[in-house]
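Trainee: Please take a close look with me at how the charged side chains pair up. I would like one connected account rather than a list.

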Amino acid sequence: MSATADHAEERTNPAARLGFQPEQVVQELGFDDDVDQELREAIQEVIGQDLVDEEYDDVADAVVLWFRDDDGDLTDALVDATTYIEEGGSILLLTPKTGRDGYVEPSEISEASTTAGLSASKSVSVGKDWSGSRLVTPKAAKSKR
């Protein structure tokens, strides 16, 4: 694929824009019937395989965490998600957009991320109803050698 085609895909496929790569193992947590199916399919298209669920018993390259305000404690969910990824992996935290059921305040996301030892590297709109925050471990952010 040419560089031009790569850049075109990054603009049109939200999963490529979010940094997902072919052959990554991506674990999905918090799946429910309200998730954005188009985004899930886009991620699967980029990685070339299905997302794995919480039953997956090995280490993943990345985690997609769907989280709504009534899902419990966000800090706990993020800490749990970090146990599923290898060092240098990232978590895509997906929360409902403003005005949608389950909306999570940005200040809560920021506080929970910091408490869980994560750094936000990118926030994006990923669909009609969901916003995404790409979170990385401090080691991943610092150790790019």
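Mentor: About 8,200 Å² of the protein is exposed, and carbon and sulfur atoms supply 44% of that area, where accessible areas come from the Shrake-Rupley method with a 1.4 Å probe and, for residues, only the protein chains shown count as cover. This is a predicted model, in which local features need pLDDT of at least 70 and side-chain atom pairs count only at pLDDT 80 or more, while totals for chains, interfaces and linings use all residues. Residues are numbered from 1 along each chain as its sequence is written, and side-chain values use heavy atoms, with hydrogens and water left out.

Of the 145 residues, 43% are buried, a term that means under 20% relative accessible area, with exposed meaning over 50% and partly exposed lying in between (1.4 Å probe, protein chains only). The protein has 6 helices and 5 strands, taken as DSSP runs numbered from the N terminus (H or I for helices, at least four residues; E for strands, at least two).

Now to the pairing itself. Side chains of opposite charge can pair when their charged atoms come close. The structure holds 5 salt bridges, each being a side-chain nitrogen of Lys or Arg within 4 Å of a carboxyl oxygen of Asp or Glu. One of them joins Glu28 to Arg40, with the closest N and O atoms 2.7 Å apart. This pair links distant parts of the chain, since Glu28 sits in strand S1 (residues 26-29) and Arg40 in helix H3 (residues 37-47), 12 residues apart. Both Glu28 and Arg40 are buried.

Another salt bridge runs between Arg68 and Asp34, whose closest N and O atoms are 2.8 Å apart. Here, too, distant parts of the chain are linked, with Arg68 in the loop between strand S2 (60-66) and helix H4 (74-82), Asp34 in the loop between S1 and H3, and 34 residues separating them. The two partners are not covered alike, because Arg68 has 7% relative accessibility and counts as buried, whereas Asp34, at 34%, counts as partly exposed. Asp34 and Arg68 also belong with Asp71 to a network of salt bridges.

Lys128 and Asp129 form a further salt bridge, with 3.7 Å between the closest N and O atoms. Lys128 is exposed, with a relative accessible area of 63%, and Asp129 is partly exposed at 29%.
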